[in-house]
Amino acid sequence: MKYAFQIVDVFSSTPFGGNQLAILPDAAGISTEGMQKIAREFNFGETTFVLPKNDSANNFRVRIFTPRVELDFAGHPSVGTACALVMKQHVRLSDPVRLILEENAGPVTVDVAQRNGGFYGKLTLSGKIDTPTGAPTPAELAAVLSVEPAEVNQAFFAGAGVPFCFAQLSSNEVVDRATINRAAWATTLSRAWSPHIFFFAGNLRDGGKLYARMWAPALGIEEDSATGAACAGLVGAMASKPDFGGTAYRLSIQQGVSMGRRSEIDAEARKSGSVVTSVSVGGATAYIASGE
């Protein structure tokens, strides 16, 4: 049996930037083993499989696979899948259109709008932010990143559906210079609350701009050019701090530059009193190809 697929670049307004994604818009009949094999064959960071919904309140069921494992939730696959479904008119076009994707982690809302001749998607999650203690020290993460301990300003765990270890570095140059030390990663992070490391430079004030990279060896992703779930966790964690008293906290994140796949991600957390009520990440999606 033949199955159609689409390829898009997520968090980029132009082709061949952002994060690659393959989507099978009608994947009914493919086994879990088959989905994993197809994801390994595409060998992108993620491949998504669109299935009939289980709950009438949602639009589609979506399963997400890296080349190695299935994910319960991920940012750029959610945004890219929603945009691809609208691009190819698998849903009735309005502007904007709201899709509720039924993922393993629960319903994910993505609003898709036409912007500057292209498509822009923004996913929104409930405000449940995990910020456990026990993150590696800056010196330990410096060893993982192959940089000097003084070049790691802080390190912490946080997640909004997907756990990450975050490290703030002293400059963009240090971010670009970092290389993974496999032995240090195995010792420090491989069995930690999160083995995935998102490291960045820039100002974490509301409205700040960051320059970032992300490694997830445990998922078979040597480096990710755009990580929406990490950006959601980061703005959620920053907005959760008692010293932030505003109602909306925003960051602009540039990622994938050193890979030659520049990504532009908008991230926002909404707060009521001391509680983060929602986090969202958004960006453009560029069409690349279709096939079967």
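Is Phe16 buried or exposed? At 60% relative accessibility, Phe16 counts as exposed, because the limit for that class is over 50%. The model discussed here is predicted, and the values below are computed from it.

**Backbone features in loops**

Phe16 is located in the loop that connects β1 (5-10) with β2 (19-24). Although not a glycine, Phe16 has a positive phi of about 75 degrees. Ser146 is likewise not a glycine and has a positive phi of about 60 degrees. Ser146 belongs to the loop between α3 (138-145) and β9, and with a relative accessible area of 35% it is partly exposed. A further positive phi, of about 60 degrees, is found at Gln89, just after α2.

**Two enclosed helices**

Helix α2 spans residues 75-87 and has 13 residues. From its first C-alpha to its last, α2 reaches 18 Å, close to the 18 Å expected at 1.5 Å a residue. Of the 13 residues of α2, 13 are buried, so the helix is largely enclosed by the rest of the structure.

Helix α6 covers residues 228-240, again with 13 residues, and its reach from first to last C-alpha is 18 Å, close to the 18 Å expected at 1.5 Å a residue. Twelve of the 13 residues of α6 are buried, and the helix is therefore largely enclosed by the rest of the structure. The buried residues of α6 include Gly228, Ala229, Ala230, Cys231, Ala232 and Gly233. Leu234, Gly236, Ala237, Met238 and Ala239 are also among them.

Val235 is part of helix α6 and counts as buried at 0% relative accessibility. The C-alpha atom of Val235 is separated by 9.8 Å from that of Val276, although the two residues are 41 residues apart along the chain.

Another pair separated in sequence involves strand β7 (residues 106-115), in which Asp111 has its place. Asp111 and Pro96 are 15 residues apart in sequence, with a C-alpha to C-alpha distance of 6.4 Å. Asp111 has a relative accessible area of 17% and counts as buried, because the limit for that class is under 20%.

**Aromatic pairs**

How many aromatic pairs does a search of the whole structure find? The search finds ten. Two of these pairs are set out below.

| Pair | Centre to centre | Angle between planes | Arrangement |
|---|---|---|---|
| Phe156 and Phe166 | 5.3 Å | 20 degrees | stacked |
| Phe199 and Trp215 | 4.7 Å | 65 degrees | edge-to-face |

The stacked pair of Phe156 and Phe166 links distant parts of the chain. Phe156 lies in strand β9 (residues 152-159) and Phe166 in strand β10 (residues 163-169), and the two are ten residues apart. Both Phe156 and Phe166 are buried.

Why is the pair of Phe199 and Trp215 edge-to-face? The planes of the two rings stand at 65 degrees, and an angle over 60 degrees counts as edge-to-face, so the pair falls into that class. Phe199 lies in strand β11 (residues 197-202) and Trp215 in strand β12 (residues 208-216), so the pair ties together parts that are 16 residues apart in sequence. Phe199 is buried, with a relative accessible area of 0%, and Trp215 counts as buried at 3% relative accessibility.

Phe156 and Phe166 are also members of one aromatic cluster, together with Phe164, Phe198 and Phe200.

**The largest pocket**

The largest pocket has a volume of about 250 Å³. Its lining is made up of 15 residues, of which Ser13, Arg115, Asn116, Tyr120 and Ala284 are the closest to the pocket centre. Two of these residues also face one another: Arg115 lies over the face of Tyr120, at 3.7 Å from the ring centre.

Which strands each supply at least two residues of the lining of the largest pocket? They are β8 (118-126), β15 (263-272) and β16 (275-291). Strand β16 gives the most, with four residues. By residue class, the lining of the largest pocket divides into four nonpolar, eight polar and three charged residues.

Terms used:
Residues numbered from 1 in each chain as written. Predicted model: local features only at pLDDT ≥ 70, side-chain atom pairs only at ≥ 80, totals over all residues. Heavy atoms only, no water. Phe/Tyr/Trp six-rings, centres within 6.5 Å; stacked < 30°, edge-to-face > 60°. Buried < 20%, exposed > 50% of the residue type's maximum accessible area, 1.4 Å probe, protein only. Lys NZ or Arg CZ within 6 Å of the ring centre and 35° of its normal. 1 Å grid on protein atoms, 1.4 Å probe; cavity = no way out; pocket = protein on both sides within 12 Å on 5 of 7 lines; lining within 4 Å. Points joined across faces, edges and corners; volume = space filled by probe spheres on them. Nonpolar A, V, L, I, M, F, W, Y, C, P; charged D, E, K, R; others polar. Expected span 1.5 Å × (residues − 1).
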